[in-house]
Amino acid sequence: MGASAATRLRDRRCAILGGAMLQRVLEPEIMDSPEEAMAYDAMDHAEVNARFCQDLIEFASGTAITEGEPQPLFRVLDVGTGTALIPIELCARMHNVRLLGIDLGVNMLNVGRANIERAELSHRIALAEVDAKALPYQDGAFNWTISNSILHHIAEPARVVAEMWRVTAKGGVLFVRDLARPDQASDIDRLVERYGGTPPENAALFDTFEHQRKIFRDSLGASLTVREICVLARGLGISNDAAMTSDRHWTLATKKP
């Protein structure tokens, strides 16, 4: 198959997977109040975070050694780290990574530092207040550049993906996952009902529960479609297509040549 035919086939695949009717509705780039940070941290991310780390390790197999000696040190950048739950989960699975988590949410980072100290991982995980649209790191500074559910906060996500690609070392891994914007408002309602949790029996917790559901609903409406992230990545010279990896997430995973 010639290059043009392969490109047409890839375009058709992305269009089928990602053609959406709902328009993207942006939400604030920074979740920066103490209440928002605590509400986010209180949400049950355990299953999603575990799946993210497992899929990352499986995709990157052959580029990391998790058992035996010697173990090369892998420098990992987590973009939009929030309260540092992904770095903590990844450190629990791998002993040869050192992570830098960045975010613009000061209160998110404060909660993240407390989480890291509680996990006794301050010697392996560092956090910094950094704008992902202008990373202050050298080209190829990190073996792995990862991000989970940050692009839907960004009005111009191409700037962030370009920076993540730039700081990823040759032979390294770019692994980005985010929510996928559904086709219809009814699909958002269905996902919120399925994954938004069960109303608490304690009435005092109901406002927090409703706020968490609103965060999830707004995030779905602000997210990119599969087609949008495919087009974005190709415009940056990233050859791999994103693909749906759950009923509410897409993943862009590639190794830098």
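## Overall organisation

Among contacts in the chain between residues at least 6 apart in sequence, 79% join residues at least 24 apart. The model behind this figure is predicted, and its secondary structure comes to 9 helices and 7 strands. Of the 257 residues in the chain, 47% count as buried.

Two residue pairs illustrate contacts or approaches between distant parts of the sequence. V167 and L77 are 90 residues apart in sequence, yet their C-alpha atoms are 8.9 Å apart in space. G235 and A162 are separated by 73 residues in sequence and by 9.6 Å in space, again taken from C-alpha to C-alpha.

## V167 and G235

V167 is found in helix α6, and it is buried because its relative accessible area is 0%. Leaving aside residues up to four places away in sequence, V167 touches L77, L135, Y137, Q138, D139, G140, A141, F142 and T145. Two of these neighbours, Y137 and F142, are themselves an aromatic pair, and both of them are buried.

G235 lies in helix α9, which covers residues 226-235. With 67% relative accessibility, G235 counts as exposed, whereas V167, with a relative accessible area of 0%, is buried.

## The buried residues of helix α4

Helix α4 covers residues 85-93, and within this helix I86, P87, I88, L90 and C91 are buried. The elements that cover these buried residues include the helices α3 (46-59) and α5 (106-118), together with the strands β1 (74-79), β2 (97-103), β3 (125-129) and β4 (142-148).

## Packing of α7 against α8

Helix α7, residues 185-195, packs with helix α8, residues 206-222, at an angle of about 145°, and the axes of the two helices are 10 Å apart. The crossing in which α7 passes α8 is right-handed.

On the α7 side, the residues that take part are I188, D189, L191, V192, E193 and Y195, and they meet R213, F216, R217, L220 and G221 in α8. The residues of this contact divide into 6 nonpolar, 1 polar and 4 charged.

## Aromatic pairs and a cluster

The count of aromatic pairs in the model comes to 5. A pair of aromatic rings is described by the distance of the centres and the angle of the planes. In the pair of Y137 and F142, the centres are 5.4 Å apart and the planes stand at 85°, an arrangement that is edge-to-face.

F206 and F209 form a tilted pair, with 5.9 Å from centre to centre and 40° between the planes. An α-helix has 3.6 residues a turn, so residues three or four places apart point the same way. F206 and F209 are 3 residues apart in helix α8 and are therefore separated by about one helical turn. In accessibility, F206 counts as partly exposed because its relative accessibility is 37%, while F209, at 6% relative accessibility, counts as buried. Elsewhere in the chain, F52, F59 and F175 form one aromatic cluster.

## Lysine charges over rings

One member of that cluster, F59, also has a lysine charge over its ring, since the charged end of K255 sits there at 5.5 Å from the ring centre. The charged end of K256 sits over the ring of W165, at 5.2 Å from the centre of that ring.

## Positive phi angles outside glycine

E120 is not a glycine, although it has a positive phi of about 55°. This residue lies in the loop between α5 and β3, and E120 is exposed, with a relative accessible area of 63%.

S149 is likewise not a glycine, and it has a positive phi of about 60°. Its place is in the loop between β4 and α6, the latter covering residues 157-167. S149 is buried because its relative accessible area is 19%, which falls under the 20% that separates buried from partly exposed residues. The two residues with positive phi therefore fall into opposite accessibility classes, with E120 exposed and S149 buried.

How values were computed. Residues numbered from 1 in each chain as written. Predicted model: local features only at pLDDT ≥ 70, side-chain atom pairs only at ≥ 80, totals over all residues. Heavy atoms only, no water. Axes fitted to C-alpha atoms, helices over the stretch in contact; angles between N-to-C directions. Helix = DSSP H or I, 4+ residues; strand = E, 2+ residues; numbered from the N terminus. Left-handed = near helix turned anticlockwise from the far one by under 90°. Contact = heavy atoms within 4.5 Å. Nonpolar A, V, L, I, M, F, W, Y, C, P; charged D, E, K, R; others polar. Phe/Tyr/Trp six-rings, centres within 6.5 Å; stacked < 30°, edge-to-face > 60°. Buried < 20%, exposed > 50% of the residue type's maximum accessible area, 1.4 Å probe, protein only. Lys NZ or Arg CZ within 6 Å of the ring centre and 35° of its normal.
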